[in-house]
Amino acid sequence: VAVEEFKKRIPNTTLFFMDTSYRASSFVVRVINKIQRILTKQVKKLSCIDRNELYYLWLYTNSPQPAKWQQFIHDICEKYKIDIVQVEMPWISSFILSLPDTVRKVYVHHELAFVRHALELRNDPDNIFAQTCYKHTLISEIGMLNHADHIVTLSPVDKRKLEENGVTKPI
């Protein structure tokens with residue numbers, strides 16, 4: 001029902017749905033679950049890791065999206081000769097890397113993750129882990145943006161901060 005309503009409200013739009021019916025074999029699931037249990041036990045043994053550190057780590061880690069999802073996006077772009085794709089949000093910016101070279105990549109920046117991280121560091125300036133996460137975020141965010149063809153920011157202040165920190169693509 002929601003899809004039909006969407007099509008009525010926004011005509012001339014094509015929606016693509018990824019097949020999510022794939023299920024890993026029971027052996028693969030058991031191996032993954034075992035690894036998760038082992039890692040969880042090891043993390044619990046490390047007294048230096050607390051919730052604040054996990055917050056910094058998970059909120060700002062920019063990791064590649066699942067392989068099946070990246071392949072799906074790539075294949076749709078090639079099959080339908082899509083020429084421009086808009087990407088948003090720092091934690092999924094790795095999609096820029098999985099798009100075909102023929103696609104113009106436009107990144108719309110709503111919030112600079114490295115700036116948010118820097119503001120949070122004011123509350124805990126001596127936290128080495130938080131500082132490391134900030135630096136990682138800065139490097140990965142700027143690097144990823146330099147793989148886009150165009151960047152859109154919502155303020156001139158954000159544009160200036162991106163340029164000052166090494167973005168070389170048109171903003």
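1. Let me start with helix α4, which covers residues 67-79. W69 and F72 both sit in this helix, and because they are 3 residues apart, about one helical turn separates them. Please keep in mind throughout that this is a predicted model.

2. Searching the whole structure turns up 2 aromatic pairs. W69 and F72 make up a stacked pair, with 5.6 Å from centre to centre and 20 degrees between the planes. The angle fits the label, because planes under 30 degrees apart count as stacked.

3. How exposed are the two partners? W69 is partly exposed, at 31% relative accessibility, whereas F72 is buried, with a relative accessible area of 16%. The cut-off for burial is under 20%, so F72 qualifies with its 16%.

4. W69 also pairs with F95: the ring centres are 6.0 Å apart and the planes stand at 70 degrees, so this pair is edge-to-face. It connects distant parts of the chain, since W69 belongs to helix α4 and F95 to helix α5 (residues 95-98), 26 residues apart. F95 is buried, with a relative accessible area of 9%.

5. Which residues make up the aromatic cluster? W69, F72 and F95 form one such cluster. W69 takes part in the stacked pair with F72 and in the edge-to-face pair with F95, so I would look at the three rings together when you have the model open.

6. Now to the charged side chains. Side chains of opposite charge can pair when their charged atoms come close. How many salt bridges does the structure hold? There are 2.

7. One salt bridge joins E164 to R160, and their closest N and O atoms are 3.1 Å apart. Both residues lie in helix α8 (residues 156-164), 4 residues apart, or about one turn of the helix. E164 is exposed, at 54% relative accessible area, while R160 is partly exposed, at 40%.

8. The other salt bridge links R116 with E111, where the closest N and O atoms are 3.7 Å apart. That distance still counts, because the limit is within 4 Å. Both partners are partly exposed: R116 has 30% relative accessibility and E111 has a relative accessible area of 39%.

9. On the surface, you may like to look at F27, V31 and I35, which make a nonpolar patch of about 270 Å². V31 lies in helix α2, which runs over residues 26-45. With a relative accessible area of 34%, V31 is partly exposed. Why can V31 belong to a patch? Patch residues need over 30% relative accessible area, so its 34% is enough on that count.

10. Stepping back to the whole protein, the secondary structure comes to 8 helices and 3 strands. Starting at the N terminus, the order of elements is α-α-α-α-β-α-β-α-α-β-α.

11. A few overall figures complete the picture. The protein has 171 residues, of which 27% count as buried. Among contacts with a separation of 6 or more, 54% come from residues 24 or more positions apart. The protein exposes about 12,100 Å², and carbon and sulfur atoms supply 59% of that area.

Definitions and conventions. Residues numbered from 1 in each chain as written. Predicted model: local features only at pLDDT ≥ 70, side-chain atom pairs only at ≥ 80, totals over all residues. Heavy atoms only, no water. Patch = residues over 30% accessible without salt bridge, like charges linked within 9 Å, V, L, I, M, F, W, Y side chains within 5 Å. Areas by Shrake-Rupley, 256 points an atom, 1.4 Å probe, with all protein chains shown as cover. Salt bridge = Lys/Arg side-chain N within 4 Å of Asp/Glu carboxyl O. Helix = DSSP H or I, 4+ residues; strand = E, 2+ residues; numbered from the N terminus. Buried < 20%, exposed > 50% of the residue type's maximum accessible area, 1.4 Å probe, protein only. Phe/Tyr/Trp six-rings, centres within 6.5 Å; stacked < 30°, edge-to-face > 60°. Contact = heavy atoms within 4.5 Å.
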